[in-house]
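Here is a quick tour of a protein model for someone who would rather be at the bench. Have the structure open and follow along.

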Amino acid sequence: LSRSRSVPFIVPPTLHGRDWINLTNEEQVQEDSDPYMVPQSGPRSSFHSLAGAYVVGTINPELYKFPEDKSETDFPEGNIGRLWFSIEYEQESERLLVSLIKVRKLQPPADSCSPFVKIYLLPDERSYLQSKTKRKTLNPQFDENFVFQVSSKMLLQRTLKFLVYHVDKQKKHHLLGQVVFPLKNETLTDDNKLVIWRDLEKENWSVVLLPKPPSDYGDIQFSLSYNDYLGRLTVVVLRARGLKLQEESHAVSVYVKVSLMNHNKFIKSKKTAAVLGSPNPVYNETFSFKTDQTELDTASLSLSVLQSIKGEKTHLLGRVVVGPFMYTRGKELEHWNEMINKPKELVKRWHALCHST
């Protein structure tokens, strides 16, 4: 091993024969020709001094880049903006902590955009918390914290709603879009801070997003996904539109029941939260069913939209069944097959509701 005259220093065997440049005080460093050089493993030096350490190379920042966050770059066609927020629940103080992080790619009605956000904890429509207004930006960064007092017993029955507004020069408010997020299926604990993003939707989305008129009984939109590794069938009930409510009032509640069948035999069902008084309810709720891959040829899913009025019998507004060739045809069969052909992907489609069993 070669050593410098004045500073205890070891040149490892792998670096012998390389070019060195002289520095002041007779120190030596390797020229920056190979920043990825890693010494071969060998016996450690027994010197009890600086002689036991040596410089391997410089840090290359390119090696430490995080994987690209697709939520920042992949925006679907017709997107009107995307909102990021986080939620956390403090059990002891019974406080729901909501952090409004940012909104990206807003589509304002005018050239400039000065956005702010109102946050509701439904079903309370009367009170809300409001962010600061960000001046002249389509990509506002908020980083603001909000607190809602809500008991742990009631928490999972509540729904967060974010309304994003633009303030024009005349101080008028224009609604740019909304995010509705039910807390029903979330695991909220003191040490579990969830960071979530959702695309904005128009409040009158049934007019804006759907070119064709509703079917006779209305339509339902949901996503299907099958994870063959976990043997899990997932349904995301997104929304319904054009429902023919028997009585349009706030007393009417509308919910969706998702039932898993096998050989037409009932296996299990799950229900969304009820939405009050709307023929165009938004749910955004996710349900999973344990389903073995061998059962996909004989299993089916039934989604029933039901209306209930206090003190009266529940009324079926419409129903759709998706499944294999044994039970379905047309769009319902196509949706099921696409789910199987794209494992782990969420496949989203609209379906017309009907009354046949």
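Two strands count as paired if DSSP finds at least two bridges between them. By that yardstick β5 and β8 qualify, with eight bridges joining them in an antiparallel arrangement.

## The big picture

First, a caveat: this is a predicted model. The secondary structure comes to three helices and 19 strands. Of the 357 residues in the protein, 41% are buried. If you take contacts between residues at least 6 apart in sequence, 62% of them join residues at least 24 apart.

## β8 and its partners

Let's stay with β8, which covers residues 159-167. Nine of its nine residues are buried, so the strand is largely enclosed by the rest of the structure. Both faces are covered: Thr 159, Lys 161, Leu 163, Tyr 165 and Val 167 are buried on one side, while Leu 160, Phe 162, Val 164 and His 166 are buried on the other.

On the β5 side, Val 117 stands opposite Val 164 of β8. β8 also pairs with β9 (residues 173-182), again antiparallel, this time through nine bridges. Lys 161 has Val 180 as its bridge partner in β9. β8 and β9 make a hairpin with five residues between them, and Lys 171 in that turn has a positive phi of about 70 degrees.

## A buried lysine, and a cis proline

Is Lys 118 buried or exposed? This lysine sits in strand β5 (residues 115-122). Its relative accessibility is 13%, and because the cut-off for buried is under 20%, Lys 118 counts as buried. Leaving out residues up to four places away in sequence, Lys 118 touches Tyr 128, Leu 129, Gln 130, Lys 161, Phe 162, Leu 163 and Tyr 165.

Move on to the loop between β5 and β6 (129-130) and you'll find Pro 123. The peptide bond leading into it from Leu 122 is cis, with omega near 15 degrees.

## Two nonpolar cores

The largest nonpolar core has 30 residues, and the members that touch the most others are Ile 220, Val 235, Val 237, Val 258, Leu 301 and Leu 303. At least two residues of this core come from each of β11 (219-227), β12 (232-241), β13 (252-262), β16 (282-290), β17 (299-309), β18 (315-322) and α3 (330-341). Apart from it lies another core, this one of 29 residues, including Cys 113, Phe 142, Phe 162 and Leu 176.

Back in the largest core, what does Val 235 touch, setting aside neighbours within four places in sequence? Its contacts are Phe 222, Ser 223, Leu 224, Val 258, Glu 285, Thr 286, Phe 287, Phe 289, Leu 301 and Leu 303.

## An open sheet with a helix on it

Four strands form an open sheet in the order β16-β12-β11-β19, with antiparallel pairing. The edges are β16 and β19 (347-352), each of which pairs on one side only. From one strand to the next, the twist averages 25 degrees. β11 and β19 are joined antiparallel over six bridges, and Asp 219 stands opposite Ala 352 in β19.

α3 packs on this sheet, touching β11, β12 and β19, and its direction makes about 170 degrees with that of β19. The helix has twelve residues and reaches 16 Å from its first C-alpha to its last, close to the 16 Å expected at 1.5 Å a residue. Its buried residues include Glu 332, Leu 333, His 335, Trp 336 and Met 339. Viewed down the axis of α3, the buried residues fall within an arc of 160 degrees, so they line one face of the helix. An α-helix has 3.6 residues a turn, so residues three or four places apart point the same way. Among the elements covering the buried residues of α3 are β11, β12, β17, β18 and β19.

## Two positive phi values to check

Two non-glycine residues are worth clicking on. Asp 143 has a positive phi, near 50 degrees. This aspartate lies in strand β7 (residues 141-149) and counts as exposed at 52% relative accessibility.

Lys 344 has a positive phi too, near 70 degrees. Its place is the loop between α3 and β19, and at 51% relative accessibility Lys 344 counts as exposed.

Key. Residues numbered from 1 in each chain as written. Predicted model: local features only at pLDDT ≥ 70, side-chain atom pairs only at ≥ 80, totals over all residues. Heavy atoms only, no water. Core = buried A, V, L, I, M, F, W, Y, C linked by side-chain atoms within 4.5 Å. Buried < 20%, exposed > 50% of the residue type's maximum accessible area, 1.4 Å probe, protein only. Contact = heavy atoms within 4.5 Å. Axes fitted to C-alpha atoms, helices over the stretch in contact; angles between N-to-C directions. Expected span 1.5 Å × (residues − 1). Arc of directions from axis to C-beta.
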